[in-house]
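Here is a short tour of one model. Look over the sequence and the fold, then read on.

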Amino acid sequence: MPKSRLRDLGIALGQLPAGPLNAITDVAGVTVGFSTIIRDQPHVARSGVTAIWPSPDVFHELLPAGFHSFNGNGEMTGTIWLAEQGLIASPICITNTHAVGVVRDAIVQLAARRKIEMAWHLPVTAETWDGWLSDAEHFPVSAADAIAALEDAKGGAVPEGNVGGGTGMVCHEFKGGTGTASRRVPDGWTVGALVQANYGLRNMLRCGHAPVGLEIPDDVVAVPERLKKPKTDQGSIIVVLATDAPLIPIQCQR
């Protein structure tokens, strides 16, 4: 089935105009790469890695950065270094919960392979869980997958849906995944976002002001997961924001 973005259907959310691609790559210098794992043997795997480069030369020219957790316990490596230094010194990766360590180490391996002259590396890798659609305990994601995503990074249009770390996601009891957007603010700066969405009950889904989830009840589109066990409103979303606005680290954090 062909994929459509909301604006392709004539639905524009928010009051600010989108960038040319309506993607995080509308921020100059930002590139995104993916490694997608889809197989049924020897174990079911719907997983992968998403890599975001804040700039092509981020290993050498560190950029202001911050982080914030709304709530919950989503894992993200490198946050102590971000809090201490307020600088991002490597690409950022997103994957599944059980692969955070492998993917984090792969960033360090890539830096070593490229002979980056830095005393140590404390990269940022974040996660959401894909254990409903993927046999996570057989650890399908390898360091090679992560490095492939990092080396695949490019500008331009960003694939969405079942790609990279978003491959095994479930959002509002529909298929979740990877999404991206951008907005131009009145001063001329661009803000871009990339998300890995894996959260929420059906009845909480809204599109703008429309209660879409309430209009698509279970008897219209079944929820297989709920047939197996009752589901509570839990899950997670990772959001990576980028901007060309001249912010200092504390402003990034805010």
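Which side chain of opposite charge is nearest to Asp 130, and how far away is it? That side chain is Lys 175, 9.0 Å away. Asp 130 is buried yet has no salt bridge.

Some ground rules come next. This is a predicted model, in which local features need pLDDT of at least 70, side-chain atom pairs count only at pLDDT 80 or more, and totals for chains, interfaces and linings use all residues. Residues are numbered from 1 along each chain as its sequence is written, and side-chain values use heavy atoms, with hydrogens and water left out.

**A buried acid**

Asp 130 sits in the loop between strand S6 (124-128) and helix H3 (143-152). Helices (H or I, at least four residues) and strands (E, at least two) are DSSP runs, numbered from the N terminus. Buried means under 20% relative accessible area, exposed over 50%, and partly exposed in between (1.4 Å probe, protein chains only). For charge, Lys and Arg count as positive and Asp and Glu as negative, while His and the chain ends are not counted. Neighbours within four places in sequence aside, Asp 130 is in contact (heavy atoms within 4.5 Å) with Arg 46, Ser 47, Asn 96, Ala 136, Gly 168 and Met 169.

**Salt bridges**

Side chains of opposite charge can pair when their charged atoms come close. A salt bridge is a side-chain nitrogen of Lys or Arg within 4 Å of a carboxyl oxygen of Asp or Glu. The whole structure holds five salt bridges. The table includes three of them.

| Acid | Base | N to O distance |
|---|---|---|
| Glu 160 | Arg 5 | 2.8 Å |
| Asp 105 | Arg 104 | 3.0 Å |
| Asp 152 | Lys 154 | 2.9 Å |

The pair of Glu 160 and Arg 5 links distant parts of the chain, 155 residues apart. Glu 160 is in the loop between H3 and strand S7 (170-171), and Arg 5 is in the segment before strand S1 (31-39). Arg 5 is partly exposed, at 26% relative accessibility. Asp 105 is partly exposed at 36%, and Arg 104 is partly exposed at 24%. Asp 152 counts as partly exposed at 28%, as does Lys 154 at 47%.

**Backbone details**

Where is the cis peptide bond with omega near -5°? It runs from Gln 41 to Pro 42. Pro 42 lies in the loop between S1 and strand S2 (45-53).

Phe 139 is not a glycine, yet has a positive phi of about 50°. Phe 139 is in the loop between S6 and H3 and is exposed, with a relative accessible area of 53%. Glu 173 also has a positive phi, near 65°. Its place is the loop between S7 and S8. Glu 173 is buried, at 7% relative accessible area.

**The second largest pocket**

The second largest pocket has a volume of about 1,600 Å³. Its lining counts 45 residues, and Ser 4, Leu 6, Glu 160, Thr 178 and Gly 179 lie nearest its centre. On a 1 Å grid over the protein atoms alone, a pocket is an open set of points where a 1.4 Å probe fits, with protein on both sides within 12 Å along at least five of seven lines; lining residues have an atom within 4 Å of a point. Grid points are joined across faces, edges and corners, and a volume is the space filled by probe spheres set on the points. Strands S8 (174-175), S9 (177-184), S10 (190-199) and S11 (235-243) each supply at least two lining residues.
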